[in-house]
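Hi,

Here is the structure you were after. Have a look at it first, and then read my notes underneath.

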Amino acid sequence: MDNPKSPPPLTLDNLRVIKVLGKGAMGTVFLVHDMSHDPSALSPFALKIIDKSSSKPDADRRARWETTVLSRLHHPFLPTLLGFSETSDILCYAVPYCPGGDLNVLRYTQSDHVFSPSVIRFYLAEIVLALQHLHTLGIAYRDLKPENILIQQSGHVTLTDFDLSRSLTPKKNQNSFEFYADPENDNHARPPPPRTQSKKFRNGQRKVKSARVSPVSRRNPSSFYERSNSFVGTEEYVAPEILRGEGHEFSVDWWALGVLCYEMLYGTTPFKGKNRKETFMRILMMEPEFIGKKNALTDLIRKLLEKDPTRRLGYRRGASEIKEHEFFNGLRWDLLTGVRRPPFLPLRDGMELTEEVKKGGINITEYFQKLKAPPSQSPSPSPSHDEWRSNVSLTEL
């Protein structure tokens, strides 16, 4: 991986809050502008702030890891690190602002809350290129979901939230291009569980006696990757090999891509149960259900949702396998970044920004201190559609 460049320092006293974009376990995200360089807020940016005193124990570590990843990214469908600052109380970093919101909010604005195959093709292609770039850098993303896919002002996508990603380093003394999970970056690694047996049903599915099996028991000697044992993800998007405790590598991103594609097509994820336990069992045991005749899109989804990661599309040759699928026939991958009329273009909210700027704004440090007041006095974050899915990070279990 390329050596990360040191981000320019942020001068917090120069930053003014326009509004709160969101608030979560990892911190608060503000829309801000720099009074010294951009007094009219023509180029606002997003600023994530982590409160060292009240955040979760590993939030500081995960935030520092995310800034390390961001400092290495140089791709049109991935964010860049605009600046970084740290005090005794907070850690904060800036990334470009995406006014189009996330893909989940955009889907809810569509008829029947689904996208057409042509729109799915466009967004899926850009996401594939973003994941391909991450994998080339040796980074497994591990948190692909609609809420982490933002729409830029140009209408193109960008991935966000890299705190669950992990760097996989080249395996030594091997001729093949293999990876090991970096133990220094993987604090959630677990010892391998005892091996269990499985029994085949007549329909070809396997009855799993235990949710966890030994990584060694399934490892292919010619496998390209050594696997991470972290238990991370969002429950409806987590890959079966993570649930089985087999260890995992880049293929978990291709599984999540299949879940995402299914959701974009049908408006729901393929394995959602009444509770977490049922969802996990469906991921392990059930095959995805499709409506109507088989076509190129459903074939792509089916191949991405292969429960055996060694048979999953993308396992052997990465993104190249997915780009060669018939669903993308005729697509000019090299011209995607030049598309000037993507399916949807976000409205410019210049009037809102202008009115807020006219009020003079408020110092970012002062505003953040107000957010630490009792809940009744705290500003409400921007509305979202998160309530329809349980977005609990599995690292919290």
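Below is what I found, starting with how far to trust the model.

Keep in mind that this is a predicted model. The chain has a mean pLDDT of 78, with 72% of its residues at 70 or more. Confidence varies by element: helix α8 (residues 296–304) has the highest mean pLDDT, 98, while helix α4 (residues 215–218) has the lowest, 32. Two stretches deserve caution. Over residues 173–232 pLDDT stays under 50, and the model has 143 contacts beyond four places in sequence for them. Residues 377–397 also stay under 50, with 54 such contacts. Where pLDDT is low, the predicted coordinates shouldn't be read in detail.

Now to Lys48. UniProt, in an unreviewed entry, puts a "binding site" feature at Lys48. Lys48 is part of strand β3 (residues 45–51). Its relative accessibility is 12%, so Lys48 counts as buried. Leaving out residues up to four places away in sequence, Lys48 touches Thr28, Val29, Glu66, Leu91, Cys92, Tyr93 and Asp161.

That last contact, Asp161, has a backbone oddity: a positive phi of about 60°, although Asp161 is not a glycine. Most residues other than glycine have a negative phi. Asp161 sits in the loop between β8 (157–159) and β9 (166–170), and at 25% relative accessibility it counts as partly exposed.

Arg142 is another non-glycine with a positive phi, about 70° in this case. You'll find Arg142 in the loop between β6 (139–140) and β7 (149–151). Is Arg142 buried or exposed? With a relative accessible area of 7%, Arg142 is buried.

Cheers

Methods. Residues numbered from 1 in each chain as written. Predicted model: local features only at pLDDT ≥ 70, side-chain atom pairs only at ≥ 80, totals over all residues. Heavy atoms only, no water. UniProt positions renumbered as here; feature names shortened; annotations may be inferred. Helix = DSSP H or I, 4+ residues; strand = E, 2+ residues; numbered from the N terminus. Buried < 20%, exposed > 50% of the residue type's maximum accessible area, 1.4 Å probe, protein only. Contact = heavy atoms within 4.5 Å. pLDDT = per-residue confidence, 0-100.
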